[in-house]
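Hi everyone, thanks for making time today. I'd like to walk you through the empty spaces in one protein model, then one helix and a couple of loop residues. Please have a look at the structure first.

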Amino acid sequence: MSEIKYGLISTTDWNTITKTLDLVMESTDEVINTCEIGIYSGATSLAICEYIQTKSRKVNHIGIDNIKDGEPILHFPLNQKFIRGNSTEVYYKVEDNSQDLIFIDGDHSYIGVISDFFAYSSKVKNGGYLLFHDTGKHIKPLKDFQHGDKSNPDAYISVRNALASIGLFEDAGYDEISIAKMERRIGSLHYKFILIADVFDETNEAGGICVFKKLY
């Protein structure tokens, strides 16, 4: 197995992903199902697959991207499934209750993050994990314009603001992977998520990952 190159994310963020993958692999002996929304070059998807395989486990991975950033997808893992399109338009191609881990790293605008949450919450298995990238508390306003009106702060990286609006941070706040003591029902959904990790590297301009575990 070649040395893992984990793509356009920090070492801190990669460590958060691998710790969560370890939790997945500890909880099941079955094939691990993973999904990444917003794959860029495909390097992070490749690293996820390689990491799981280094543990002598099998993986089925799905990558979703509309390829509008123009980055060639040179590193996406062979024999895995790639879905081209806007994540909120192709969500139906991922089966409900099928994924052990979904890493959302696509549209970082306020409306994009909220849309991806509601489109993919049902795709995560009970006991599975939903991860969001670029959630660091240190990220400055008006960082990395996404789309829409440039005078709107939520048209830039607004992941944390979106997650707070959904209610995912209420009654929780943890900086290590450990089961949270407080549980929170998200709106009127029939799902319950708890925050188990909120990790970021202040030396980076962006980055950071929040990990939510789906209880049901």
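Since pockets come up first, here is what I mean by the word: a pocket is an open set of grid points with protein on both sides within 12 Å along at least five of seven lines, and its lining residues have an atom within 4 Å of a point. Keep in mind throughout that this is a predicted model. Its mean pLDDT is 90, and 89% of the residues reach 70 or more. One stretch to treat with care is residues 171–185, where pLDDT stays under 50. For that stretch the model has 41 contacts beyond four places in sequence.

So, to the largest pocket. Its volume is about 990 Å³. Forty residues would be a lot to read aloud, so let me just say that of the 40 lining residues, D105, G106, D107, H108 and Q146 are the closest to the centre. Which elements give two or more residues to this lining? They are β1 (32–37), α2 (43–54), β2 (59–65), α3 (87–90) and α4 (110–120). Of these, α4 gives the most, with 4 residues. By class, the lining divides into 10 nonpolar, 20 polar and 10 charged residues.

The second largest pocket holds about 200 Å³ of space. It is lined by 15 residues, and the closest to its centre are I139, K140, P141, I157 and S158. In this lining we find 6 nonpolar, 4 polar and 5 charged residues.

Now for enclosed space. Rolling a probe the size of a water molecule over the atoms shows where empty space is left. How many cavities of 30 Å³ or more does the structure hold? There is 1, and the largest cavity has about 30 Å³ of space. Around it sit I104, D105, G106, D107, H108, V113, F132, H133 and V159. That makes a lining of 4 nonpolar, 3 polar and 2 charged residues. You may recognise some names here: D105, G106, D107 and H108 line the cavity, and they are also listed among the residues closest to the centre of the largest pocket.

Let me turn to α2, which we met in the lining of the largest pocket. This helix has 12 residues and spans 16 Å from its first C-alpha to its last, close to the 16 Å expected at 1.5 Å a residue. Is α2 mostly covered or mostly open? Mostly covered, with 9 of its 12 residues buried. Those are A43, T44, S45, A47, I48, C49, E50, Y51 and I52. What covers them includes α1 (11–27), β1, β2 and β4 (99–104).

Just after α2 comes S56, with a positive phi near 60°. Most residues other than glycine have a negative phi, so this kind of residue is worth a look. S56 lies in the loop between α2 and β2. Is S56 buried or exposed? At 68% relative accessibility it counts as exposed, because the cut-off for that class is over 50%.

I67 has a positive phi too, near 60°. Where does I67 sit? Its place is in the loop between β2 and β3 (81–84). With a relative accessible area of 25%, I67 is partly exposed.

That's my tour, so over to you for questions!

Terms used:
Residues numbered from 1 in each chain as written. Predicted model: local features only at pLDDT ≥ 70, side-chain atom pairs only at ≥ 80, totals over all residues. Heavy atoms only, no water. 1 Å grid on protein atoms, 1.4 Å probe; cavity = no way out; pocket = protein on both sides within 12 Å on 5 of 7 lines; lining within 4 Å. Points joined across faces, edges and corners; volume = space filled by probe spheres on them. Nonpolar A, V, L, I, M, F, W, Y, C, P; charged D, E, K, R; others polar. Expected span 1.5 Å × (residues − 1). Buried < 20%, exposed > 50% of the residue type's maximum accessible area, 1.4 Å probe, protein only. Contact = heavy atoms within 4.5 Å. pLDDT = per-residue confidence, 0-100.
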